[in-house]
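Open the model in a viewer and keep the selection tool at hand. The stops below each begin with something to select.

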Amino acid sequence: MNLPESVAHFKEEAVKVELKPFDRFETMLYLKLLLGIQGEEIEIDEKMLDTVHDRANGCPLYVEYIVTWALERRMIEQDSESKKMILLHDDVSEETAIPRELSNIVLAAFNNLSPTLWDALKIASCIGYSFDAKVYKQLTNAMDLMPKVEELANLYDAFELSIDSNTYKWKHQAVFEAVKSLLIKNQTVQIHGMIAEEYEKEGSTDQGLSLDAGMRRLLARHFLLAEKWEGAFDQYMEAGKQAEDTFNYPEAAKMYEEAIICQGKLSYRPSLSSRLLPTIKLGNCLRELARYEESEAVLTRCLKEVEKERALQISTDTEQMYVLALTVLATLHQNQSKYNQARELYEKALPIARTVEGSSSSLWLANHIAGYAEILRKMGELEASEKLHREALKMREDNSCTELELAVSYTQLGCTLIGLGQAAEAYERHRSALLLRFKYLGFSHGLVSESLNYCAEGLSSLSRSEEGIPLAMHCVAIRKEVFGTAHPAFAHALSILASCFDAVGRQSSAKGLLERCLKICEEAFPKDHANIIPNLMSYGRVLRSMGMYEEGRNIYERAVKVHRINFKQGQKQLQLDTCLKEIRELTEEMEKGPDQRSVFLSESDRVLQHVTDRTVDVDADGTPLIILTDIGRDVDDEYALMLLGALTRKRLVNPLAVVTTLSPSRKRAALSKGSLDALGLLHVPVGIGSAGGVEEGRELEVYESAYRKASASIFEDGMNLMLLSLSSAPDKSVRLLGLASLTDFASLVRNHEDLFVSKVKEVVIMGGLEPLDSHDTLQPDTAYNNKCDMESARYLYERCQELGVPTVTLSRWAVYGCPVSNELFDELCKTDHMVATNLRRVSMTSINELWRKVNLPFPHPGREKLPERCNRKWFCGTFFGKDDIRRDGSASIWDLVTKLFMYDPLAMLCCVDEYRHEFFRWTTKEVNGVIHHFVGVSESNNGVIDPKALCNKLSYLFRFSLRESLQNIEESSN
């Protein structure tokens, strides 16, 4: 439908309103409205309200029918004594008091339905008010239900399909309630039984059915309502297992509770293992949720039941269940930091496990050996723990365990080796576990995050913290999604990231992370839990390095107190000795005079020292580079930083500084620092530049990212950072790369001309020039970066030509000569790197938002500052290479985009001589005896030699940068 331009924006700005069933209070308000009651003097009788609300089931239309029906029969009147509206008959609470004719009125439109369609309506009413079409197509394939639902939707307006074309919902709640009211209990049981039987038939075939946890939960409900208790039990157990596999312990606990209820309704008594398994699993879930008291009650009850059964008869089944009941309770005690109780239980269980028939070399036994080893590791008995973990690993290898089981052994052994100071082997074990888990589980799985965490810790122990930080950052991001921000697993990730930051001198960042970590631990764990000790020690170490001696000593004293609560004398002695040593040394520091205390550097001072003292080696590290960027405005600036990662690792360029410009430049600096950290470029200093020509008080957009964080390591004065960077470099060695407004570079030349001339080899600019033959000198055109501060752009070009400093200019025509498709963004996301996934999200949002704007008529306020020429036709030609497409302005067009433009990455590529000559055909202009280069003279002379080869090179370098920052996980796991 084509809308007039004057109202075209209504569709874009429309708000969808969804009506939901009335609650009891809303039913009361509606009754007052229907009965014409105003004010609060007259109320609705409670019995009348209950009757109407229960019979109407929250449906407004039913409330109207009931009131109309009752008024016609004069069954509603005001009671003079209570001043309340009442129903007159004593039997009105009976269902027969409000006749079925209400349903008949509602269902009149369906009187001529065929029996098969009536059956479909009844089945749909049993399924629910809304239901997933794909799920029920799979579960009811042989019943041919969904085609009938589709027919009822199209011809009888019974259902409506959601925008995602996946969920059906009853069009009118009154119809849903009316159909449901026609069914007696036996019919309902029969219908649910039909759905369950269909699944059983499909599930017994060779192909079977692949059901996720949500589908199994639905199926379990059908079995339950069909009173098929065994089938419901099986589905709830499987749903619980799948929820556990994704670390959704609240959901898993609910499923196991439902399974226990179903088990209680079975007509036979299950075996001991079948009987206790759901209860044990429930106890484990409660443990993971830190609901320790509930977990202990459940697991203790299980142990008592096994002991009771064992007293009557000892068999392989009872012995295995006895071992399991002991060890799960031991694991709970371990989590509660009750290590001695945990050890006692394992020392009772392990000898039995070794003697159970057929277990001498089984994977079952290996799991219990490893469990005991973990208790010993937590207690500080690392040599004994290592021996047992190596035994368990060998058993798993000898018995052809799965690679995921092998990953568990690698992880447990790696954690033990870290404690023993064997960091090199520990890292290799954790890396092996990471590759296996990534291979089977995907990057965003909780177990992959565990391996990322331990790999980061291993790298930090090997003095390679800069490599560990990207892994730790990704672990934090994954655990935030999987566990939430109140879970100890998330706190552990924060702790490891903090340790890595501390190791590279970023104490302020580490301090904030550890404070957040400790807050989570204090709330999640019981008071004075042993797991908090390592975090306290890390926090104390950071405080000491920041010169906060008294605060640091207090933290170490707290760690000693918690240690003595949880461990006997001699246990974890190294941990205790370390804390006591720190307390002594901090006390000594506090007793010294101010002039005698150890000198410490703040985080900002450390970065300043690094910049001042570094040696710039052009031959070894590549061309020195200072980058001026307005990152956060468009994604191509951050793609340029991604490319910088590859060029730096290949030692083609040596980034001396990144300076952010364009208000708010501070937020842009935080985004730059976070992006560089995630890309493994922590050594690259970032400074805050000018507003870039933006008027005072105005701030332009900076897109969101999880890794954009303020940091004390960011230079407050970006100009000073550039000056220090230039001073440290050899003469005529530095390339300046301008990817934004040229205000800061112009200020550098204006105020520090001698330094600029002596140190700068070349200025590379993403911008544009007036036709070269139109002036004797280079003149900047109206490209965006020039236009932000045209005065500065003209000054910079003018002084470069006068001072004999070469310039290299890349225009939009060169960029248009090398378009990339959205497939590149999608391909980079396969690395699962947080920078790639965030940039794809921002790109999709931006391109869809631009599409929405160009579809609005000019000068609609929703277009903001979009020029009139940027209309639908312009968009389709620019991004699709077509005149038009069949899609309206409200729909996403990401999947159709074939032409996106990498402005700043191409300019970055021009900073490498090898790539500059390989991919571009340059036009030159000599001014004052110096050659200046320009690529992208016009649309017909864009200067790109081979667009396909250039795109392939960009893709390779992007992927190389992302893979290297994540230790080549993707490539190594294949």
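Start with Arg287 and Glu288, whose side chains form a salt bridge with 3.0 Å between N and O. This is a predicted model. Arg287 has a relative accessibility of 12% and is therefore buried, while Glu288, at 25%, is partly exposed.

**Further salt bridges**

Select Glu296 and Lys338 next. They form a salt bridge in which the closest N and O atoms are 3.7 Å apart. The two residues are 42 apart in sequence: Glu296 belongs to helix α15 (residues 292–312), and Lys338 to the loop between α16 (316–335) and α17 (339–355). Both ends are partly exposed, Glu296 at 24% relative accessibility and Lys338 at 28%.

Move on to Arg343 and Glu381, where the side chains meet at 2.4 Å, N to O. Arg343 is in helix α17 and Glu381 in the loop between α18 (363–378) and α19 (382–398), so this salt bridge ties together parts 38 residues apart in sequence. Glu381 is partly exposed, with a relative accessible area of 27%.

Now select Glu386, Arg390, Glu425 and Arg429 together; salt bridges link these four residues in a network. Across the whole structure the search finds 55 salt bridges.

**Aromatic pairs**

Switch to the aromatic side chains, among which a search of the whole structure finds 30 pairs. Select Phe131 and Phe159: the ring centres are 5.9 Å apart and the planes stand at 80 degrees, over the 60 degrees required, so the pair is edge-to-face. Phe131 sits in strand β4 (residues 130–132) and Phe159 in strand β5 (residues 159–161), so the contact ties together parts 28 residues apart in sequence. Are these two rings buried or exposed? Phe131 is buried at 3% relative accessibility, and Phe159 is buried at 2%.

Then select Tyr816 and Tyr903. Their ring centres are 6.4 Å apart and their planes are at 75 degrees, so this pair too is edge-to-face. Tyr816 is in helix α38 (residues 812–816) and Tyr903 in helix α42 (residues 903–909), which puts the partners 87 residues apart. Tyr816 is partly exposed, with a relative accessible area of 33%; Tyr903 is partly exposed as well, at 25%.

Extend that selection to Trp813, Trp851, Trp874, Phe875, Phe879, Phe880 and Phe901, which form one aromatic cluster with Tyr816 and Tyr903.

**Arginines over rings**

Select Arg750 and Tyr795. Arg750 lies over the face of the Tyr795 ring, 4.3 Å from its centre. For a second example, select Arg916 and Trp922: here Arg916 is over the ring face, at 5.9 Å from the ring centre.

**The nonpolar cores**

Which residues touch the most other members of the largest nonpolar core? They are Leu810 and Phe920, in a core of 176 residues. Select Phe920 and show its contacts. Leaving aside residues up to four places away in sequence, Phe920 touches Leu810, Leu906, Cys910, Tyr915, Val935, Gly943, Val944, Ile945 and Leu950. A second core, separate from that one, has 82 residues, including Ile123, Val175, Phe223 and Ala489.

**A buried serine**

Select Ser725, in helix α33 (residues 718–728). Its relative accessible area is 0%, so Ser725 is buried. Beyond residues up to four places away in sequence, Ser725 touches Val611, Arg614, Ile626, Leu656 and Ala657.

**Confidence**

Finally, colour the chain by pLDDT. The mean is 89, and 93% of the residues reach 70 or more. Where in the chain is confidence lowest, and where is it highest? The lowest is in helix α1 (residues 8–13), with a mean of 45, and the highest is in strand β10 (residues 734–738), at 98.

Select residues 1–17, over which the pLDDT is below 50; this stretch has 13 contacts in the model beyond near neighbours in sequence. Residues 92–96 are also below 50, and there the model has seven contacts beyond near neighbours in sequence.

Conventions: Residues are numbered from 1 along each chain as its sequence is written. Side-chain values use heavy atoms; hydrogens and water are left out. Rings of Phe, Tyr and Trp (its six-membered ring) pair if their centres lie within 6.5 Å; planes under 30 degrees apart count as stacked, over 60 as edge-to-face and the rest as tilted. Helices (H or I, at least four residues) and strands (E, at least two) are DSSP runs, numbered from the N terminus. Buried means under 20% relative accessible area, exposed over 50%, partly exposed in between (1.4 Å probe, protein chains only). A charge sits over a ring if NZ of Lys or CZ of Arg is within 6 Å of the ring centre and within 35 degrees of the ring normal. A nonpolar core is a set of buried Ala, Val, Leu, Ile, Met, Phe, Trp, Tyr and Cys residues joined through side-chain atoms within 4.5 Å. Contact means heavy atoms within 4.5 Å. pLDDT is the predictor's confidence in each residue, from 0 to 100.
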